[in-house]
Amino acid sequence: MYQNLNEELFSFIEKSPTSFHAVQTIESYLEKAGCEKLNEGSVWELKEGGTYFVTRNKSAVIAFHIPCKAFTGFHIAASHSDSPSLKIKENPEMTVEGQYVKLNVEKYGGMLCSPWFDRPLSVAGRVIVADNNKLETRLVDVKRDILMLPSLAIHMNRGVNDNGYKYNIQKDMLPLYRMNDSEMDFKTMIAGEAGVAPEQIIGSDLFLYNRMPGTAWGAENEFISAPRLDDLQCAFSSMKGFLSSRNERSVSVFCVMDNEEVGSGTKQGAASTFLYDTLRRLNYSMGRTEEEYWTAVASSFMVSGDNGHAVHPNYADMTDPTSRPYLNGGIVIKHSANQKYTTDAVSAAVMRRLCERADVPYQNFLNRSDMLGGSTLGNISNSKVSLNTVDIGLPQLAMHSPYETAGAKDMAYMVKVFEEFYRSCIRVSEDGHFEIL
Ligand code: CO
């Protein structure tokens with residue numbers, strides 16, 4: 001059964017080469033399920049029993065289901081739509097000795113550089129098309145092998161296997177695009193994909209992506225690999241949970257934010273007011289008071305979903321000595337004393353109970369005490385809407401490579417956890433205790 005789910009994940013990922021496409025893919029799922037699209041620039045008229053969604057910048061999305069006007073809190077799942085990549089710069093074409101044309105790019109997020117070499121790459125993103133006074137956004141996905149970052153041969157870099165290599169993006173990572181005598185310059189090619197004339201394109205956000213589709217592998221197909229597992233696995237599984245489960249007392253909220261890989265500090269990132277604005281408007285549109293909003297927030301719970309690191313077969317010593325998450329061992333609950341992860345005793349206990357109720361195994365992820373580790377969007381989102389939050393994710397290997405690896409069984413576990421989360425009602429009693437109903 002989990003094989004079908006993994007196949008569906010691969011197709012979800014393939015349709016989602018950038019954050020814009022991820023949100024477009026999610027929109028198509030939401031619309032198919034009958035969710036009504038709202039616009040931030042229009043008046044909202046929401047009804048009891050309604051399910052809605054709203055996007056910002058076409059790269060972040062929040063969907064919610066309102067069971068009744070007298071709801072007691074919000075059950076929020078949050079993940080991110082973006083992944084590390086190389087972004088195409090303005091005026092990207094660079095001619096080399098009158099022969100080759102390569103593209104000028106810069107880094108988006110904290111990528112592993114070496115796995116981008118020697119694999120077919122394509123380009124996707126959005127372009128802004130001018131039509132008189134109208135500026136229209138169009139998504140573009142070239143879907144062909146058009147770029148390559150060829151490695152320097154071992155004969156010209158003899159020490160590379162012994163000494164490692166320090167990548168300079170401006171020098172080492174400019175992909176080859178065409179021979180100079182080719183007519184198909186980059187802007188003309190992109191315009192063709194967008195179905196417009198080159199001079200109509202007056203803005204663009206275009207990124208490279210790995211063309212290799214997802215695959216299950218291993219002696220008994222116990223592993224999966226695909227681009228962008230971080231964080232499309234969490235976006236996909238929380239969406240599946242949101243669409244299949246709900247409860248009668250709390251509002252289910254499903255959010256996917258952009259720009260986590262560059263610090264979340266954009267209008268569509270977790271540090272923005274997007275979640276806050278949406279919850280306030282929802283409360284207002286249902287004819288509820290300000291006081292009712294604050295009481296609902298006090299009785300709310302957020303699950304921040306972003307993948308964690310499994311024990312690596314060749315680098316087992318890089319993992320914490322007593323918390324050892326493995327692929328296929330179940331979801332990971334992420335802890336850090338400096339609160340880069342929001343998990344605390346209370347939210348971890350709530351999540352463990354949810355896992356038990358869903359019959360899903362869970363593991364703990366902590367960084368080694370002598371390693372810094374990454375951060376995620378949960379604690380950043382809490383600076384705008386502060387509520388009880390737990391950080392979870394799936395165990396994976398090769399995080400921030402353009403081709404990442406995870407356990408074949410874990411995806412189904414994560415869907416079950418999100419289903420249980422949306423099905424349950426988590427409440428805080430007057431004396432401060434938690435109840436899961
Ligand atoms: Co992530």
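Helices (H or I, at least four residues) and strands (E, at least two) are DSSP runs, numbered from the N terminus. This is a predicted model, where local features need pLDDT of at least 70 and side-chain atom pairs count only at pLDDT 80 or more, while totals for chains, interfaces and linings use all residues. Residues are numbered from 1 along each chain as its sequence is written, and side-chain values use heavy atoms, with hydrogens and water left out.

**View 1. Glu 36 sits in strand 1 (residues 36-37).** With a relative accessibility of 45%, Glu 36 goes down as partly exposed; the scale calls a residue buried under 20% relative accessible area, exposed over 50% and partly exposed in between (1.4 Å probe, protein chains only). Skip the neighbours within four places in sequence, and Glu 36 is in contact with Thr 51, Tyr 52 and Phe 53, contact being heavy atoms within 4.5 Å. For a sense of distance, the C-alpha atoms of Glu 36 and Ala 348 are 33 Å apart, with 312 residues separating the two along the chain.

**View 2. Domain 1 (2-83 + 227-436) meets domain 2 (85-210).** These bounds come from an automatic or database domain assignment. The C-alpha centres of the two domains are 32 Å apart, and 21 residues of domain 1 are in contact with 20 residues of domain 2. Between them the domains bury about 1600 Å², 64% of it on carbon and sulfur atoms; buried area here is the accessible area (1.4 Å probe) that two parts lose on being put together, summed over both. On the side of domain 1 that touches domain 2, the residues split into eight nonpolar, eight polar and five charged. In this sorting, Ala, Val, Leu, Ile, Met, Phe, Trp, Tyr, Cys and Pro are nonpolar, Asp, Glu, Lys and Arg are charged, and the others, Gly among them, are polar.

How many salt bridges are there between domain 1 and domain 2? The count is zero, a salt bridge being a side-chain nitrogen of Lys or Arg within 4 Å of a carboxyl oxygen of Asp or Glu.

**View 3. Asp 145 and Arg 211 pair up in a salt bridge, N to O at 2.8 Å.** Asp 145 is in the loop between strand 8 (134-141) and helix 3 (160-163), and Arg 211 is in the loop between strand 10 (201-210) and strand 11 (215-217), so this pair ties together parts 66 residues apart in sequence. Arg 211 counts as partly exposed, at 32% relative accessibility.

**View 4. Helix 9 (residues 345-358) holds both Arg 353 and Glu 356.** The two are three residues apart, about one turn of the helix, and they form a salt bridge whose closest N and O atoms are 3.1 Å apart. Arg 353 is partly exposed at 46% relative accessibility, and Glu 356 is partly exposed too, with a relative accessible area of 45%.

**View 5. Glu 420 reaches Arg 357 through a salt bridge, the closest N and O atoms being 3.0 Å apart.** Glu 420 belongs to helix 11 (residues 410-423) and Arg 357 to helix 9, so the pair ties together parts that are 63 residues apart in sequence. Buried or exposed, which is Glu 420? Glu 420 is buried, because its relative accessible area is 6%, whereas Arg 357 is partly exposed at 38%.
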